[in-house]
Amino acid sequence: MRKAKPKKRVVLPDPVFNDVKVTKFVNHLMYDGKKSIAYTIFYTALDTVKEKLSKEEKSALEIWKKALDNITPQVEVKSRRVGGATFQVPTEIRPDRKESLSMKNLIQYARKRGGKTMAEKLAAEIVDAYNEQGGAFKRKEDMHKMAEANRAFAHFRF
């Protein structure tokens with residue numbers, strides 16, 4: 001590579017939970033630089049999650065983290081050309097990409113959901129992910145099935 005790798009930016013923790021992961025999630029959730037609106041959506045969604053899962057002894061933040069863990073993929077397939085044929089080669093995912101993918105999938109499937117506000121949709125998707133169901137969890141399962149089906153091509157790893 002000719003150019004040096006760009007430095008990783010330091011993400012500051014969020015004001016309520018003092019957690020960097022929350023800030024990263026809110027950054028993915030944000031549209032047009034409207035961070036305060038994204039924070040409002042996220043915190044409202046966590047309040048809704050706490051109401052829905054009131055029988056759980058965990059806090060809303062712990063429920064959200066468990067939901068993210070449930071939808072975090074471990075392997076993905078990448079296309080690799082070998083002698084004119086394209087193979088779907090299963091590869092492990094870097095830890096920072098795992099986190100990013102799970103957040104993006106959660107937000108993507110929350111946006112697709114039916115519901116009134118984004119906070120309600122996000123809360124519903126978090127509850128589904130916590131209970132190992134819903135669109136984001138299905139996406140992770142599909143990624144794993146695809147990698148399992150193409151395990152024969154693992155020796156083409158790069």
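This is a short talk on how the helices of one protein chain pack, followed by two residues in a strand.

A caution before the details: the model is predicted. I will start with the whole chain and then move to the helix contacts.

The protein chain has six helices and two strands. In sequence order the pattern reads α-α-α-β-β-α-α-α, so the two strands sit between helix H3 and helix H4 in that order. The C-alpha trace spans about 55 × 40 × 30 Å along its principal axes. The chain has 158 residues, and 39% of them count as buried. If we take the contacts with a separation of 6 or more, 60% are between residues 24 or more positions apart. The exposed surface of the protein chain comes to about 10100 Å², with carbon and sulfur atoms supplying 52% of that area.

Now to helix H3, which runs over residues 60-70. Which of its residues are buried? They are Ala-60, Leu-61, Ile-63, Trp-64, Ala-67, Leu-68 and Asn-70. And what do those buried residues pack against? The list is helix H1 (20-29), helix H2 (35-52), H4, H5 and helix H6 (135-149).

Let me take one of those partners, helix H5, residues 118-130. The axes of H3 and H5 are 8 Å apart, and the packing angle is about 65°. The crossing of this pair is left-handed. On the H3 side the contact uses Ile-63, Trp-64, Lys-66, Ala-67 and Asn-70. On the H5 side it uses Ile-126, Ala-129 and Tyr-130. Sorted by class, the H3 and H5 contact has six nonpolar residues, one polar and one charged.

H5 also meets helix H4, residues 95-112. Here the axes come within 8 Å of each other and cross at roughly 125°. That angle makes H4 oblique to H5. The crossing is right-handed. H4 contributes Leu-106, Ile-107, Tyr-109, Ala-110 and Arg-111. H5 contributes Met-118, Lys-121, Leu-122, Glu-125, Ile-126 and Ala-129. By class, that gives eight nonpolar residues, no polar ones and three charged ones. Note that Ile-126 and Ala-129 of H5 appear in the contact with H4 and also in the contact with H3.

Next, strand S2, residues 85-92. I have two residues to show from this strand.

The first one I picked is Phe-87, which is found in S2. Is Phe-87 buried or exposed? It counts as buried, because its relative accessibility is 18% and the cut-off is under 20%. Apart from neighbours within four places in sequence, Phe-87 is in contact with Lys-78, Ser-79, Arg-80, Val-82, Phe-153 and Phe-156. For a sense of distance, take Asp-14, 73 residues away from Phe-87 along the chain. The C-alpha atoms of Phe-87 and Asp-14 are separated by 42 Å.

The other is Thr-91, also placed in S2. Thr-91 has a relative accessibility of 10%, so it counts as buried. With neighbours within four places again left aside, its contacts are Val-75, Glu-76, Lys-78 and Arg-157. Lys-78 is therefore a name to look for twice when you open the structure, since it is listed for Thr-91 and for Phe-87, both of them buried.

That is the end of what I have.

Technical notes: Residues numbered from 1 in each chain as written. Predicted model: local features only at pLDDT ≥ 70, side-chain atom pairs only at ≥ 80, totals over all residues. Heavy atoms only, no water. Axes fitted to C-alpha atoms, helices over the stretch in contact; angles between N-to-C directions. Helix = DSSP H or I, 4+ residues; strand = E, 2+ residues; numbered from the N terminus. Left-handed = near helix turned anticlockwise from the far one by under 90°. Contact = heavy atoms within 4.5 Å. Nonpolar A, V, L, I, M, F, W, Y, C, P; charged D, E, K, R; others polar. Parallel < 35°, antiparallel > 145°, perpendicular 65-115°, else oblique. Buried < 20%, exposed > 50% of the residue type's maximum accessible area, 1.4 Å probe, protein only. Areas by Shrake-Rupley, 256 points an atom, 1.4 Å probe, with all protein chains shown as cover.
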